[in-house]
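Trainee: I would like to test the labels on this model against their cut-offs. Could we take them one at a time?

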Amino acid sequence: MNALITFQEYLSEFSEKFDGLAGSYDHTINNCSELESLIDDYSKFITNETNKEAWKQLELQESSDLNQLVVNLRRKSALCVAIMEKYRAIKLLDGNSEKADYFKNIESCIEKEFGSFQITSESKVLLVGSGSFPMTPLLIAKRTGAEIVGIDIDDEAIQLGRNVVEKLGNGLNIRLEKILVENLDFTKNVTHIIFSSTVESKYDILDQLHTLTNENVVVAMRYGNQLKSLFNFPSREVDGQKWKMVEEILLPDHVFDIELYKKA
């Protein structure tokens with residue numbers, strides 16, 4: 001019981017720290033190192049094998065307070081990751097290219113993103129939730145030459161992301177837009193779609209995309225269940241008449257897992 005209390009106290013402590021650092025963001029790199037350190041600690045916490053048993057025990061308690069704490073942590077950590085990407089972009093544009101352990105973890109996930117449905121130079125890739133430091137478009141475009149469009153709802157993220165692409169992706173076919181999928185002409189021609197794990201409405205957008213995309217599109221849905229749901233929006237049942245899961249890529253040492261979908 002003491003271990004469970006300690007575990008829940010850790011969660012509350014993370015929640016308070018996320019609140020403080022998110023509230024102090026002022027569009028500069030003040031507090032950057034503190035937030036990077038916190039996100040790195042949080043990443044290690046949710047991938048730590050010893051924490052999985054404590055999480056299972058807590059889930060059995062069916063506590064409304066715990067459920068609310070988890071929901072809050074998921075949203076707060078997603079916001080802080082978005083801010084940390086802004087810090088990384090601002091630092092890069094100021095000539096500092098150092099990166100936190102969290103980013104190294106994400107970049108290693110990208111390598112395994114599409115399993116047997118690989119991207120080629122002829123592919124057209126849509127990333128939903130591209131953020132301020134578009135690691136996925138840069139890595140895919142450099143390795144494959146594919147055309148990539150990233151969309152996001154955050155004006156500052158779009159502008160920072162464009163500046164990062166201009167600096168690191170000169171000559172690559174990457175475009176970042178603040179636009180909805182239904183208003184993007186590119187949507188009907190995409191061959192691959194990637195959803196960021198921190199996009200809360202990702203399964204609603206997936207449902208919407210069924211009528212907007214061609215028959216051969218492959219969708220990579222990043223998600224996190226159980227302990228990883230503290231850091232990612234979890235998987236959700238999809239309309240089986242629209243989409244079918246064709247592969248699940250589990251990444252025990254990484255912050256999210258991946259489901260691959262094709263049209264039913």
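Trainee: Why are helix 2 and helix 4 called oblique to each other?

Mentor: Look at the angle. The axes of helix 2 and helix 4 cross at roughly 130° and come within 10 Å. Over 145 degrees would be roughly antiparallel, and 65 to 115 roughly perpendicular. The value of roughly 130° fits neither, so helix 2 and helix 4 are oblique to each other. Bear in mind that this is a predicted model.

Trainee: Which residues make the contact of helix 2 with helix 4?

Mentor: Helix 2 brings Cys32, Leu35, Glu36, Ile39 and Tyr42. Helix 4 answers with Leu73, Ser77, Cys80, Val81, Ile83, Met84, Tyr87 and Lys91. By class, they divide into ten nonpolar, one polar and two charged. The crossing of helix 2 past helix 4 is left-handed.

Trainee: What makes helix 1 oblique to helix 4?

Mentor: Helix 1 (residues 2-23) packs on helix 4 (residues 64-93) at an angle of about 40°, with the axes 9 Å apart. Roughly parallel needs an angle under 35 degrees, and roughly perpendicular starts at 65. That makes helix 1 oblique to helix 4. This crossing is left-handed.

Trainee: What is the make-up of the contact of helix 1 with helix 4?

Mentor: Its residues divide into ten nonpolar, four polar and two charged. On the helix 1 side, they include Leu11, Phe14, Phe18 and Asp19. On the helix 4 side, Leu69, Leu73, Lys76 and Ile83 are among them.

Trainee: How do you know that Phe14 and Tyr42 form an edge-to-face pair?

Mentor: Two values decide. A pair of aromatic rings is described by the distance of the centres and the angle of the planes. For Phe14 and Tyr42, the centres are 4.8 Å apart and the planes make 65°. The cut-offs are within 6.5 Å for a pair and over 60 degrees for edge-to-face. Phe14 and Tyr42 meet both. The structure holds eight aromatic pairs.

Trainee: Where in the chain do Phe14 and Tyr42 sit?

Mentor: Phe14 is in helix 1 and Tyr42 in helix 2 (residues 32-46), 28 residues apart. Both are buried. They also belong to one aromatic cluster, together with Phe7, Tyr10, Phe18, Phe45 and Phe231.

Trainee: What makes Tyr25 and Tyr87 an edge-to-face pair?

Mentor: Their centres are 5.6 Å apart, with 75° between the planes. That passes the limits of 6.5 Å and 60 degrees. Tyr25 lies in the loop between helix 1 and helix 2, and Tyr87 in helix 4, so the pair ties together parts 62 residues apart in sequence.

Trainee: Are Tyr25 and Tyr87 buried or exposed?

Mentor: Buried means under 20%. Tyr25 has a relative accessible area of 14%, so Tyr25 is buried. Tyr87 is at 0% and therefore counts as buried.

Trainee: Why is Val238 called partly exposed?

Mentor: Its relative accessible area is 21%. The partly exposed class lies between 20% and 50%, so Val238 is partly exposed. Val238 is in the loop between strand 5 (218-223) and strand 6 (243-249). Outside its sequence neighbours within four places, Val238 contacts Tyr203, Leu206, Trp243 and Tyr261.

Trainee: How do you know that Thr187 is buried?

Mentor: Thr187 has a relative accessible area of 2%, so against the 20% limit Thr187 is buried. Thr187 is found in the loop between strand 3 (174-177) and strand 4 (192-195).

Conventions:
Residues numbered from 1 in each chain as written. Predicted model: local features only at pLDDT ≥ 70, side-chain atom pairs only at ≥ 80, totals over all residues. Heavy atoms only, no water. Axes fitted to C-alpha atoms, helices over the stretch in contact; angles between N-to-C directions. Helix = DSSP H or I, 4+ residues; strand = E, 2+ residues; numbered from the N terminus. Left-handed = near helix turned anticlockwise from the far one by under 90°. Contact = heavy atoms within 4.5 Å. Nonpolar A, V, L, I, M, F, W, Y, C, P; charged D, E, K, R; others polar. Phe/Tyr/Trp six-rings, centres within 6.5 Å; stacked < 30°, edge-to-face > 60°. Buried < 20%, exposed > 50% of the residue type's maximum accessible area, 1.4 Å probe, protein only.
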